[in-house]
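Here are a few friendly notes to read alongside the picture. Take them one at a time, and find each residue in the structure as you go.

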Amino acid sequence: MTLATKKKLTFEEYLAYDDGTDTRYELVNGELVAMPPESRLNARIAMFLISVFLKFVPFRLLCCKDTEIEVNGRFAQTRLPDIMILSEELDEVLGDARSTITRDMPPPRLVVEVVSPGQESIDRDYRYKRSEYAARGIDEYWIVDPGQQMVTVLTLVSGLYEAQEFRGGDRLSSPTFPELELTAAQIIGAGG
């Protein structure tokens with residue numbers, strides 16, 4: 001749901017915005033977009049992946065629905081990914097300040113989005129975020145799609161993402177985590 005505002009917000013105005021509620025927003029083309037609560041299925045998938053990633057990276061490098069990232073767009077934009085894995089350098093730069101990764105900071109190592117039902121969410125995760133995350137220089141982007149029973153691993157090659165789709169018992173291939181022993185079914189089935 002996009003909120004009606006009289007003018008497009010700048011990134012600085014967005015950072016200062018406080019409506020007195022706990023509502024979480026993304027900034028899309030300068031407009032506030034309220035993020036609805038996640039489905040229990042999507043939340044379980046995200047938590048399952050966090051438990052898997054904890055075997056490979058320290059807890060402090062994991063972000064789950066709590067850190068936003070500034071991305072390129074015609075107007076100011078931020079995204080609030082389901083999961084991000086930070087680099088050591090990015091963790092150091094972020095410190096204990098607001099959990100906002102700005103364009104002057106290094107990109108995260110990996111971003112995961114769990115697709116919610118509905119065409120708007122599908123377009124956002126498969127189209128818009130794909131180009132935004134590629135432009136931001138994020139080396140690996142996963143799209144977990146419970147509706148399609150599929151996990152897409154996108155790897156940045158010469159500024160564009162190359163996609164590999166995994167279903168059922170297919171073992172994921174992750175350049176960031178080559179030692180990962182995980183199938184698409186295990187990820188999608190984490191919700192049930």
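How many positive and how many negative side chains does the protein have, and how far apart do the centres of the two sets lie?

1. **Charges.** Before the answer, please keep in mind that this is a predicted model. The protein carries 21 positive side chains and 31 negative ones. The centres of these two sets lie 4 Å apart.

2. **Overall build.** If you count the secondary structure elements, you should arrive at 5 helices and 11 strands. The radius of gyration is 16 Å, close to the 16 Å that the globule rule gives for 192 residues, so the protein is as compact as a globular protein of that length. Along the principal axes, the C-alpha trace spans about 50 × 35 × 30 Å.

3. **Inside and outside.** Of the 192 residues, 47% are buried. The protein exposes about 9800 Å², and carbon and sulfur atoms supply 52% of that area. Now look at the contacts with a separation of 6 or more: residues 24 or more positions apart account for 53% of them.

4. **Aromatic rings.** A pair of aromatic rings is described by the distance of the centres and the angle of the planes. There are 7 aromatic pairs in the structure. Why is the pair of tyrosine 141 and tyrosine 161 called tilted? Their ring centres are 6.1 Å apart and their planes stand at 50°, so the pair falls in the tilted class, because stacked pairs have planes under 30 degrees apart and edge-to-face pairs over 60.

5. **Where those two tyrosines sit.** The pair links distant parts of the chain, with the partners 20 residues apart. Tyrosine 141 belongs to strand S9 (residues 140–145), and tyrosine 161 to strand S11 (residues 160–167). Tyrosine 141 is buried, at 0% relative accessibility. Tyrosine 161 is buried as well, with a relative accessible area of 8%. While you are looking at rings, try to find the cluster in which ring pairs link Phe53, Phe56, Trp142 and Phe177.

6. **Leucine 15.** Go next to helix H1 (residues 11–16), where leucine 15 is found. Is leucine 15 buried or partly exposed? Its relative accessible area is 30%, so leucine 15 counts as partly exposed. Setting aside residues up to four places away in sequence, leucine 15 touches Glu68, Arg98 and Thr100. For arginine 98, there is a distance to check: its C-alpha atom and that of leucine 15 are separated by 9.2 Å, with their positions 83 residues apart along the chain.

7. **Two residues of helix H4.** Glutamate 132 lies in helix H4 (residues 119–136), and arginine 124 is found in helix H4 too. Is glutamate 132 buried or exposed? With a relative accessible area of 8%, glutamate 132 is buried. Arginine 124, at 17% relative accessibility, counts as buried, because the cut-off for buried is under 20%. Not counting residues up to four places away in sequence, glutamate 132 touches Val71, Asn72, Gln77 and Arg79. With near neighbours in sequence within four places left aside, arginine 124 is in contact with Glu26, Arg79 and Lys129. You can use Arg79 as a landmark here, since it appears among the contacts of glutamate 132 and among those of arginine 124.

8. **Glutamate 165.** Back in strand S11, look for glutamate 165. At 53% relative accessibility, glutamate 165 counts as exposed. Leaving aside neighbours within four places in sequence, its contacts are Met150, Val151, Thr152 and Asp170. The C-alpha atoms of glutamate 165 and valine 151 are separated by 5.9 Å, and the two residues are 14 apart along the chain.

9. **Two positive phi angles.** Most residues other than glycine have a negative phi. Asparagine 29 has a positive phi, near 55°, and is not a glycine. You will find asparagine 29 in the loop between strand S1 (25–28) and strand S2 (31–34), where asparagine 29 is partly exposed with a relative accessible area of 31%. Glutamine 149 also has a positive phi, of about 55°. The loop between S9 and strand S10 (150–157) holds glutamine 149, which counts as partly exposed at 46% relative accessibility.

Note on methods:
Residues are numbered from 1 along each chain as its sequence is written. This is a predicted model: local features need pLDDT of at least 70, side-chain atom pairs count only at pLDDT 80 or more; totals for chains, interfaces and linings use all residues. Side-chain values use heavy atoms; hydrogens and water are left out. Rings of Phe, Tyr and Trp (its six-membered ring) pair if their centres lie within 6.5 Å; planes under 30 degrees apart count as stacked, over 60 as edge-to-face and the rest as tilted. Helices (H or I, at least four residues) and strands (E, at least two) are DSSP runs, numbered from the N terminus. Buried means under 20% relative accessible area, exposed over 50%, partly exposed in between (1.4 Å probe, protein chains only). Contact means heavy atoms within 4.5 Å. The radius of gyration is taken over C-alpha atoms; the globule rule is 2.2 Å times the number of residues to the power 0.38. Accessible areas come from the Shrake-Rupley method with a 1.4 Å probe; for residues, only the protein chains shown count as cover. Lys and Arg count as positive and Asp and Glu as negative; His and the chain ends are not counted. The place of a charge is taken as NZ of Lys, CZ of Arg, CG of Asp or CD of Glu.
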